[in-house]
Amino acid sequence: MTLPEPFAAWFAARGWTPRAHQLALVDKARDGRSVLLVAPTGAGKTLAGFLPTLVDLAAKAPAELDLTGLHTLYISPLKALAVDVARNLESPVAEMHLPVRIETRTGDTPAHKRTRQVARPPHVLMTTPEQLALLLAHKDAAKLFSGLKRVVLDELHALVTSKRGDLLALDLARLHRLAPGLAAVGLSATVREPDDLRRYLVPQTTPDGEATGAMADLVTVEGGARPRIGILEAARRLPLAGHTAMQSIPEIYAAVAAHRMTLVFVNTRMQAEFLFQELWRINEGGLAIALHHGSLDAGRRRKVEAAMVAGSLKAVVCTSTLDLGIDWGDVDLVVNVGAPKGASRLMQRIGRSNHRLDEPSRAMLVPANRFEIMECRAALDAVEEAAQDTPEPRKGALDVLAQHVLGMACADGFRPEDLYAEVTSATPYADLPRGHFDAVVDFVATGGYALKTYERFAKIRAGADGKLRPANPKVAQQYRMNVGTIVEATMLKVRLGRAPKPGRPAMGGRVLGEVEEYFAETMTPGDTFVFAGEVLRFEAISGNEVIATRTAPGTDPKIPSYAGGKFPLSTFLAARVRAMLADPDEWKRLPEEVSDWLGAQRRKSLLPGPSDLLVETFPRGGRHYLVAYPFEGRLAHQTLGMLLTRRLERARLRPLGFVCNDYGLAVWGLADLSAAAAQGRLSVPELFSEDMLGDDLEEWLAESALMKRTFRSCAVIAGLIERRFPGREKTGKQVTISTDLVYDVLRRHQPDHILLEAARQDAATGLLDLKRLAGMLARVRGRIVHEPLERVSPLAVSVLLEIGREAVYGEAAERIMEEAEAALMEEAAA
């Protein structure tokens, strides 16, 4: 097909030819079809998404266009992306003199403008999932969206993997009901299973509730220049552990100096701060190097972004805040420090370089340790094969559903049977049992059986027409102030105090600093951890504080001090690393120091097979160690370590603590584990049996604060506890006290409460990673190899180096690590 004027002339004036996928989307729009466009970075996805809208609006007579309300809705995961796309779209609209009104609506949009947008909407509205939820909860939502023709979902692959994706799916189901002829367009990077996204875009049931199995049409963009990716080889040797990449900083600086603009990606905020400082420490050339991560003030981030667009920076050290599809100027190199943790994430980051389809993206991977170089090699192979490791589709969260139920009550009310049919047309909720839905509605209406005597939890009630609506105007106001699924991580102060005794609570004194709550919530009283240069004993969580006491000198830290925010190692890459480890022919592609290390492991112990679990036991320094190599990521290993120590305690084998990284874990104690296994007092296969996810897990959860903290997040999202009120906002401590009281009431009086179920689902797929741990235990059933040793193995050195590490960076820490590594490797080689 050919484009109508003035579009054909606009392309020709720039020397451009419309791409096949851009024309295909115009064809699909004329047929009223929903479609998923899967294309690499730089393929013109955004223009393809909007071209049908502009063509349709340009064909209307001026009088007809004046009467046209909201025609196209654009949803972005980022406010900045919505604003950037609007700015880019305004150029062709102005150059073709199209009378099309384009506006953005984010949390920064003034209230008077938001009000006007509902009364007199633009033709195209750019917004975010949270703002869409607010619009759909408006009393005039049916009128506003009745004429909507298209909804464009940008970066869809990134949206659907979280609770924001659940909320968006529910809102999309409502849009399909309000505008029956609506066509949905998804714009996505390359994904492993595009059919999952195709189902997400269209209703999965008929209005009568019959399953359809429907999918949107699919348009894919093939070809494009292959990325040019290399693995940095530093002059200094690669350490066995650590995440700073300290040895490679001079080479990173040299790469920055040799390119126009470089994005230096890291996986955590702490790494970003460290690397930024180190680059400036050697910045003799005075290069303009900036920092960008989510904890920085929004104003500072905007200044950095503006400087990138203006081309006045040489490099930006950043986290995932710059992963998504904004064109940040003339970036010609991406440096990824540390292992990428997933092939799809790596491709997303690489795409920030040379944001054009016909020019190769250039990237450099910088492994921080020897395990990471294997992971980088595996990720590079996956990119070469165009293999993807996008996550499995989500099961819709119940707390998000509760928030949506309240929003629909605020709109114009609902009848439960109608809303259930609508909700189950959304892909994440297609299998939602009616009983679960009714329990969610009952929770919003009464708080549930255990809370129904408290009037403040009764938020909706039935009217004479049978529809459920807000119990009072204040409910709708509170909903509008608290909508959204992003609950910011809470920091807990670490206070040095005294242990609790019967009748006397834990008391706190001097504050040592702060830790993120998800680290504190994994501990039970008596656990020890490293913080502020000391080994501390965890006593209690009191409100928003961790009460800790000093331990005796020489005490081993039982729980590792783990700097959070790291991405989990994907199952896909983990399998590739295990295969590489087991195949000596593959070692030829690794640096000599890495292949020598693996060779030493093969001589001194064993190398695990691709599907095996190698478990080593050995004595060292008056302790006895058990080291296992599941390669399932730090979260799953942390849960496994906690459960193993419980089992060893029950077997009276006196464990003292454990540490883990993405590749393995080590448990140590006073009992000789090799002798216990030889005597039949310890069965290593039984130690790793799948039944540990039964009673052992339940007992640990009952003792730890994890479920209570997870429940808090669910309670905030579901609207049980509001964070914001007119003119004020609850502190984290107030939210904690409120949710802790409710949690205790529900556990005692209604253990099957729908929010407790939501918290259990969150714990299983989040901090505990139980799904992945269960898969690993099933995978290694009958394939556990126990190797008793006389001393530490070369492979175990990389795990043991995690013991006692603080979440700090710097040259002193690196020297300590180097000395410890040298001593351990000398011992392993004996």
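In the predicted model, strands β2 and β5 pair in the parallel sense, over 4 bridges. Within this pairing, Tyr74 stands opposite Val152 of β5. Strand β2 (residues 72-75) also pairs with strand β4 (residues 124-127). That pairing is again parallel and again spans 4 bridges. Here Ile75 stands opposite Thr127 of β4.

Both faces of β2 are covered. Thr72 and Tyr74 lie on one side, and Leu73 and Ile75 on the other. All of these residues are buried. In a regular strand, side chains alternate between the two faces of the sheet. Tyr74, which faces Val152 across the β2–β5 pairing, is thus listed on one side of β2 with Thr72. Ile75, the residue opposite Thr127, is listed on the other side with Leu73.

Strand β5 (residues 150-153) is in turn joined to β6 by 4 bridges. The two strands run parallel. Val152 stands opposite Val185 in β6. Val152 is therefore a shared point in the description: Tyr74 of β2 stands opposite Val152, and Val152 stands opposite Val185 of β6.Strand β1 (residues 35-38) is likewise joined to β6 by 4 bridges, and these strands run parallel. The partner of Val35 in β6 is Val185.

Strand β6 (residues 183-188) is mostly covered, with 6 of its 6 residues buried. Ala183, Val185 and Leu187 lie on one side. Ala184, Gly186 and Ser188 lie on the other.

Helix packing was examined for α3 and α5. Helix α3 (residues 45-58) packs against helix α5 (residues 79-95) at an angle of about 50 degrees. Their axes are 11 Å apart. This angle makes α3 oblique to α5. The crossing is right-handed. On the α3 side, the contact is made by Thr46, Phe50 and Leu54. On the α5 side, Val85, Leu89 and Val93 contribute. By class, the contact has 5 nonpolar residues, 1 polar residue and no charged residues.

For the protein chain as a whole, 33 helices and 27 strands are assigned. Of its 830 residues, 56% count as buried. Among contacts between residues at least 6 apart in sequence, 73% join residues at least 24 apart.

Conventions
Residues numbered from 1 in each chain as written. Predicted model: local features only at pLDDT ≥ 70, side-chain atom pairs only at ≥ 80, totals over all residues. Heavy atoms only, no water. Axes fitted to C-alpha atoms, helices over the stretch in contact; angles between N-to-C directions. Parallel < 35°, antiparallel > 145°, perpendicular 65-115°, else oblique. Left-handed = near helix turned anticlockwise from the far one by under 90°. Contact = heavy atoms within 4.5 Å. Nonpolar A, V, L, I, M, F, W, Y, C, P; charged D, E, K, R; others polar. Buried < 20%, exposed > 50% of the residue type's maximum accessible area, 1.4 Å probe, protein only. Pairing = 2+ DSSP bridges.
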